[in-house]
Structure formats: C-alpha cells, structure tokens
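Reader: I should like a close look at a single part of this model, set in the context of the chain around it. Please define the terms as they arise.

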Amino acid sequence: MYIQTQFVLALIVFLELKRREKGRLESFTRMTKVYPNASFTGRVPPCKAEMKEEVMTVWKKSLIFNCNGFTVFDCKGDLVYRVDNYMEGNKGSILLMDANGKALLTIRRKKMSLGLGDNWLVYEGEETMAIPRLSVKKSLNIFNNKCLAYVTAGESDGRNNKTMYEIEGSYSRRRCAVLDDRRRLAAEIKRKEGGRGVAFGTDIFRLVVQPNNIRTDFAMALVILLDQMF
C-alpha cells in the first residue's frame with residue numbers, strides 16, 4: 001500500500017512537471033514568432049542601432065594658396081571634404097570634393113526672372129547636364145524671418161515642389177538648423193569652442209549631421225550655399 005501511494009505521488013509530480021514544461025514551450029513558441037532570435041532566457045534582441053551623429057569641423061579656408069573655399073575635418077581630425085575656388089568671386093559653379101580631390105557634388109547657380117530670386121542646383125559628381133539632386137532657394141518670406149532657405153528635390157519649377165528641408169536660424173552667427181519635412185533635426189551649424197570656453201571666430205565652426213535624416217555631403221553643400229546667400 002505504501003509503495004502504491006509513493007508511485008501515485010511520483011506520477012502526479014511527473015505529470016505536473018510535464019504540464020509546466022509544455023506551458024513554457026508554448027510561451028516560448030509564441031515569443032519566437034514575434035522575436036525570431038529570442039533565446040530561452042526570454043531576452044528581446046536589441047533593435048538595430050541607428051547611425052550615430054557625425055560631428056565635423058568646418059574651416060572657411062582653402063588649403064590651396066590664394067584660393068577661397070572650405071576645409072572640413074571629421075571628429076578624428078581627418079580631412080573629409082574640401083572646396084577650392086580658384087577665381088575670386090566665382091559664384092557660378094562650385095565643386096565639393098573629398099580628401100583626394102574627387103568631385104562629389106557640383107553646385108551651380110541659376111538665375112531666375114521676375115525678381116523671384118536665384119536657385120542653386122546640386123548635382124552628383126561633376127555632371128551638370130543630368131537632373132539635379134537638390135534645388136535650394138533663399139527664403140523671401142518677410143513674415144517668416146526664421147527661415148533662411150528651402151530645399152526641394154530635383155529642379156524647382158514653382159510652388160508645387162514638396163519641401164525636403166527647411167533651414168532656420170542665423171548663418172552669420174553660425175547658429176542654424178536643417179529640418180526635414182517632418183520637422184526632425186537633420187543637421188546643425190554651431191559655433192566651435194576651444195578649451196576653457198574660448199570661442200573661435202566665425203571662420204571655424206561645427207557641422208553636426210544626423211545621417212539617418214540627411215547625407216553628410218548634402219549637409220555640407222547646404223553650408224556652402226548659405227555662405228553664398230548670406
């Protein structure tokens with residue numbers, strides 16, 4: 001009788017353990033449908049990390065003697081972009097190059113009629129016969145003095161073009177924000193400070209880019225255009 005009782009108790013314990021194990025497996029199965037890489041620990045796999053912001057130092061000076069332009073360094077101090085304008089006052093066409101001198105973007109000014117102001121067109125590489133990637137227009141809205149310029153895709157043909165980016169702030173003070181069509185921050189222009197709070201002049205400043213919202217070379221092209229406009 002005692003042996004039979006012990007056998008029944010052991011059987012009950014065994015069935016209870018099997019029931020619990022089945023519940024755990026069912027729960028895990030449901031979880032792996034949502035998180036396919038989940039393990040038995042129940043940890044949710046981390047989401048793919050977003051691209052980190054890129055902080056660059058912009059120097060409003062060409063490395064080539066007797067030229068106007070820009071020299072841009074990354075956070076490690078490596079040269080990433082350069083602009084060398086050989087002709088004084090040349091605002092017709094500007095090349096944004098990488099550290100090796102390869103043309104990344106061509107910026108060309110387009111005169112507009114009827115007092116509508118000028119457009120600046122941004123092309124890939126040195127190609128200016130293809131459709132431009134960006135069209136940038138200085139804001140002439142006297143009721144919105146915060147806005148400096150509007151950026152649209154392709155070649156602007158009027159008010160029907162959807163605005164990709166809007167630039168706000170003050171370029172002369174090196175305090176600007178580039179906002180996308182959802183008002184998310186895409187890039188910033190900031191004053192650069194040295195050690196012990198010593199501020200540089202306006203010829204040296206920071207460009208902080210959110211690569212998820214704008215290409216870094218596009219952001220630098222907008223800096224060049226702001227310098228042309230203001």
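How many of the seven residues of β8 are buried?

Author: Five of the seven residues of β8 are buried, and the strand is thus described as mostly covered. Buried means under 20% relative accessible area, exposed means over 50%, and partly exposed lies in between, with a 1.4 Å probe and protein chains only. The model is a predicted one, in which local features need pLDDT of at least 70 and side-chain atom pairs count only at pLDDT 80 or more, while totals for chains, interfaces and linings use all residues. Residues are numbered from 1 along each chain as its sequence is written, and side-chain values use heavy atoms, with hydrogens and water left out.

The chain as a whole gives the setting. Its secondary structure consists of two helices and twelve strands; helices (H or I, at least four residues) and strands (E, at least two) are DSSP runs numbered from the N terminus. Read from the N terminus, the order is α-β-β-β-β-β-β-β-β-β-β-β-β-α. Of the 230 residues in the chain, 35% are buried. The accessible surface comes to about 15300 Å², with 55% of that area belonging to carbon and sulfur atoms; such areas come from the Shrake-Rupley method with a 1.4 Å probe, and for residues only the protein chains shown count as cover.

Strand β8 covers residues 147-153, and five bridges join β7 to β8 in an antiparallel arrangement. Two strands are said to pair if DSSP finds at least two bridges between them. In this pairing Leu134 has Ala153 of β8 as its bridge partner, and Lys138 is matched with Ala149 of β8. Strand β8 also pairs with β9, again in the antiparallel sense and over five bridges. Here Cys147 stands opposite Glu168 in β9. Beyond β7, the ladder continues to β6 (residues 119-124), which is joined antiparallel to β7 (residues 134-138) by four bridges. Within that pairing, the bridge partner of Leu121 is Ser135 in β7. In a regular strand the side chains alternate between the two faces of the sheet.

On the β9 side, Thr163 belongs to strand β9, which covers residues 163-170. Thr163 counts as partly exposed because its relative accessibility is 30%. Leaving aside neighbours within four places in sequence, Thr163 is in contact with Tyr150, Val151, Thr152 and Asp181, where contact means heavy atoms within 4.5 Å. Thr163 and Asp180 are 17 residues apart in sequence, with a C-alpha to C-alpha separation of 8.1 Å.

The loops that follow contain two residues with a notable backbone angle. Most residues other than glycine have a negative phi. Arg174, which is not a glycine, nevertheless has a positive phi of about 55°. Arg174 lies in the loop between β9 and β10 and is buried, since its relative accessible area is 5%. Arg183 is likewise not a glycine and has a positive phi of about 65°. Arg183 is placed in the loop between β10 and β11 and counts as partly exposed, because its relative accessibility is 47%.

Asn213 is found in the loop between β12 (204-209) and α2 (216-229). Asn213 counts as buried because its relative accessibility is 18%. Residues up to four places away in sequence not being counted, Asn213 touches Tyr165, Asp180, Arg184, Leu185 and Ala186.

Finally, there is one cavity of 30 Å³ or more. On a 1 Å grid over the protein atoms alone, a cavity is a set of points where a 1.4 Å probe fits but cannot get out, and lining residues have an atom within 4 Å of a point. Grid points are joined across faces, edges and corners, and the volume is the space filled by probe spheres set on the points. The largest cavity holds about 30 Å³ of space. Its lining consists of Ile167, Cys176, Val178, Ala187, Ile189, Leu207, Ala219, Leu222, Val223 and Leu226. Two or more lining residues come from each of β10 (175-180), β11 (185-191) and α2. Helix α2 supplies the largest share of the lining, four residues. The lining comprises ten nonpolar residues, no polar and no charged ones; Ala, Val, Leu, Ile, Met, Phe, Trp, Tyr, Cys and Pro count as nonpolar, Asp, Glu, Lys and Arg as charged, and the others, Gly among them, as polar.

Terms used
On a 1 Å grid over the protein atoms alone, a cavity is a set of points where a 1.4 Å probe fits but cannot get out, and a pocket is an open set with protein on both sides within 12 Å along at least five of seven lines; lining residues have an atom within 4 Å of a point.
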